[in-house]
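Visitor: Show me the model, please. I want to know what earns each label.
Guide: Here it is.

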Amino acid sequence: MSQTEKQKKEQKAAMKRLRQERKQKIKDIAATVKTQKEAVKAIKEQLQNHGGTVPQIARETGISADKVLWYIAALKKYGEISEAEKDGGYFRYILSEGSPEEIFNGQPDGSQDTK
Amino acid sequence: MDAILELDFDALIVGGGIAGLQAALDLADQDYQVAVVEKDTSIGGKMIRLSKVFPTLDCSSCITTPKMAAAAHHENITIFTYCDLKSLESEGLVLTASITQRPRYVNPDKCIGCRLCEYHCPVYVADKEEGGFSARKAAYIPFSNAIPQIALIDVENCMLCGKCAKVCPTQAVDYFQEPENFTIRAKTAVLATGFELTPVENKQQYGNGEIPNVITSLQMERLLAPHGPYNRVLRPSDGMEPDAVAFIQCAGSRDKSMGISYCSRVCCMYAIKQAMLLSGSLPLADITVYYMDIRAFGKGYEQFYQNAKAMGIEFVKGKVATIDAGANDSVTLRYEDQNGEGVTSANHDMVALSLGMIPGWNPEGTCPVSTAADRFIQTIRPKIAPTRTDMEGVFVAGAAAGPKDIVDTITEAGAAAMEAAKYMTAMETARKAVA
Ligand SMILES: Cc1cc2nc3c(=O)[nH]c(=O)nc-3n(C[C@H](O)[C@H](O)[C@H](O)COP(=O)(O)OP(=O)(O)OC[C@H]3O[C@@H](n4cnc5c(N)ncnc54)[C@H](O)[C@@H]3O)c2cc1C
Ligand code: SF4
Ligand code: SF4
């Protein structure tokens with residue numbers, strides 16, 4: 001077995017041990033991630049056709065309005081959603097065009113890279 | 001067992017907020033070797049998290065980022081972030097600090113800050129840098145102008161899926177990183193540990209932080225920041241653009257029920273600033289400031305207050321007694337209007353609490369420096385040498401010594417650096433005289 005293969009094997013075994021140590025926590029986080037994925041999917045589905053305001057999306061998805069806004073803020077930051085025009089006292093949100101990765105790497109918030 | 005790394009510097013600065021950075025720059029420019037130890041993941045303190053600053057309304061990150069970068073790139077300054085100060089003691093004429101570097105689970109020498117790990121991580125976590133109004137990932141860069149731009153993994157929310165390690169182009173992710181202890185020896189130190197806000201959870205009459213759309217002043221700063229969570233001011237409960245916003249002054253200062261009888265000095269001015277910025281972004285909104293007294297103490301501050309009044313911001317003299325959730329996510333205030341109707345109530349779409357300032361650090365058990373009755377670090381010559389503490393060679397600057405605005409913080413940081421430089425010169429002269 002080559003040196004790198006041996007290293008890889010050792011690393012895999014170490015990861016397995018670490019996962020075993022954190023088993024319960026990983027289980028809890030995985031459950032949270034499942035809920036988050038479902039919520040994001042439901043929100044994006046709502047936006048797919050016509051976009052929507054936070055209360056509209058909340059009504060359609062059954063997710064509370066504050067949580068919808070929380071996801072929208074995050075998805076907007078990661079370039080997956082953008083703000084559209086105003087609708088009464090609320091803004092409408094739509095899915096962003098282009099691959100999220102492209103948008104993300106372009107620093108959507110226009111900030112400086114200070115490294 | 002590995003030997004503990006020992007590092008020698010002329011000066012140690014504890015806290016990398018604007019006070020610590022200014023003191024570090026002033027010492028480093030005089031050719032002293034300076035270490036800055038910061039507990040947070042980035043330097044910059046509160047100032048880098050503000051929107052604009054009174055009284056000039058300069059963009060806060062535009063004026064803080066150059067200072068942060070100047071310190072980070074200064075050849076005489078070494079910055080240690082994400083570190084815990086375990087002890088700071090004096091042994092003869094040497095100060096010794098024991099420090100623990102918390103693990104980032106990312107190798108700082110390899111990370112290029114590309115954020116691919118953050119992008120691919122599947123876990124959303126409430127982003128405290130955005131007042132909890134948005135999310136980050138379990139693998140993340142703290143914020144876009146954080147220094148250093150190095151990712152970290154929040155193990156409390158990481159499910160070890162391995163995606164971050166897989167996508168990282170420099171193999172920087174290291175799930176097995178351990179805390180590392182090291183020691184810094186220095187001739188002098190400046191304590192610049194700043195402040196925190198009074199906890200909103202402690203004020204039952206104001207809803208213990210549980211009423212929707214009642215937010216803290218630092219959360220309001222994030223809503224007003226151009227790169228904030230919503231990129232505009234929206235009501236957190238449902239994304240509505242608020243039509244009526246209130247600011248409640250002395251929410252946690254001059255309040256014995258919260259154990260804080262002193263005035264936090266900056267809250268009047270920051271609330272006026274926030275009200276003005278809000279009026280700029282929501283010109284049709286009704287904006288009301290409920291206050292006991294307005295303390296516009298600094299140069300140009302009274303004019304700033306008068307300008308706010310001229311902009312149509314309403315100032316109501318009255319202490320708010322209770323805050324309750326109203327209909328349709330509104331917020332109901334009960335207060336005594338001292339200039340008019342006596343006890344009355346009002347509804348607003350959103351309410352910001354101008355919370356007071358409490359010390360950012362309690363030295364007890366870590367460092368033998370004394371604190372005053374208000375628990376901020378005590379200065380032993382408050383009139384003639386206001387940065388001197390009761391520990392020889394240890395000085396204090398900024399909000400660590402008491403509530404203060406940025407102008408006074410910068411001035412005091414310069415004074416602390418000067419005292420520290422004078423102290424080192426005196427030590428050197430004494431050493432030469434003995435030799
Ligand atoms: C809502 C709000 C708005 C404001 N707006 C304005 C404004 O417009 N204009 C103005 O002049 N002022 C304003 N201020 C006041 C301003 O924030 C302070 O004057 C300034 O931040 C003080 O700087 P500092 O470095 O002393 O403290 P901080 O900014 O608190 O920095 C202290 C640093 O020390 C670190 N630290 C703490 N303990 C330790 C430890 N044990 N070890 C290592 N590191 C530690 C902290 O993590 C932090 O980075 C505002 C304040 C608030 C709350
Ligand atoms: S290993 Fe943890 S931090 Fe990395 S991508 Fe997976 S959940 Fe996120
Ligand atoms: S850890 Fe890797 S993927 Fe994450 S920011 Fe650093 S270099 Fe990029």
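Guide: First, a rule for sheets: two strands pair if DSSP finds at least two bridges between them. Helices (H or I, at least four residues) and strands (E, at least two) are DSSP runs, numbered from the N terminus. This is a predicted model: local features need pLDDT of at least 70, side-chain atom pairs count only at pLDDT 80 or more, while totals for chains, interfaces and linings use all residues. Residues are numbered from 1 along each chain as its sequence is written, chains are lettered from A and ligands numbered from 1 in the order in which they are written, and side-chain values use heavy atoms, without hydrogens and water.

Visitor: What makes β1(B) and β13(B) a pair?
Guide: Four bridges join β1(B) to β13(B), residues 180-186. The rule asks for at least two, so they pair. The two strands run parallel. One position to look at: L7(B) stands opposite I184(B).

Visitor: Why is β1 of chain B called an edge strand?
Guide: The sheet is open, with the order β1-β13-β8-β7 and mixed pairing. β1 (5-8) and β7 (83-91) each pair on one side only. From one strand to the next, the twist averages 20 degrees (axes are lines fitted to C-alpha atoms, for helices over the stretch in contact, and angles run from 0 to 180 degrees between N-to-C directions).

Visitor: How do you know that E6(B) and R185(B) form a salt bridge?
Guide: A salt bridge is a side-chain nitrogen of Lys or Arg within 4 Å of a carboxyl oxygen of Asp or Glu. Here the closest N and O atoms are 3.0 Å apart, so the pair qualifies. E6(B) sits in β1 and R185(B) in β13 of chain B, 179 residues apart.

Visitor: Is E6(B) buried, exposed or partly exposed?
Guide: Buried means under 20% relative accessible area, exposed over 50%, partly exposed in between (1.4 Å probe, protein chains only). E6(B) has 48%, so it counts as partly exposed. R185(B), at 27%, is partly exposed too.

Visitor: What does the salt bridge between E130(B) and R222(B) tie together?
Guide: Its closest N and O atoms are 3.0 Å apart. E130(B) lies in the loop between β9 (124-126) and β10 (135-137), and R222(B) in helix α5, so the pair ties together parts that are 92 residues apart in sequence. E130(B) has 11% relative accessibility, so it counts as buried. R222(B), at 12%, is buried as well.

Visitor: Why is α5 of chain B called mostly covered?
Guide: Seven of its eight residues (217-224) are buried. Among them are M220(B), L223(B) and L224(B). The cover includes β4 (52-53), β15 (195-197) and α6 of chain B. The helix lies across β16, β17 and β23 and runs at about 90 degrees to β16(B).

Visitor: What sheet does β16 of chain B belong to?
Guide: An open sheet of five strands, ordered β16-β23-β17-β18-β19, with parallel pairing. β16 and β19 are its edge strands. Three bridges join β16(B) to β23(B), with I215(B) partnered by A352(B).

Visitor: How do you know that the buried residues of α7(B) line one face?
Guide: They are Y301(B), F304(B), Y305(B) and A308(B). Seen down the helix axis, they fall within an arc of 100 degrees, so they line one face. The arc is that of the directions from the helix axis to the C-beta atoms. They pack against α6 (267-281), β18 (286-291), β19 (314-317) and α8 (406-434).

Visitor: What makes residues of chain A and chain B count as in contact?
Guide: Contact means heavy atoms within 4.5 Å. In chain A, 40 residues are in contact with 51 residues of chain B. The two chains bury about 4,000 Å² between them, 57% of it on carbon and sulfur atoms. Buried area is the accessible area (1.4 Å probe) that two parts lose on being put together, summed over both.

Visitor: How many salt bridges are there between chain A and chain B?
Guide: Four. K86(A) and E241(B) form a salt bridge, with closest N and O atoms 2.5 Å apart. Both belong to a salt-bridge network with E83(A) and R232(B).
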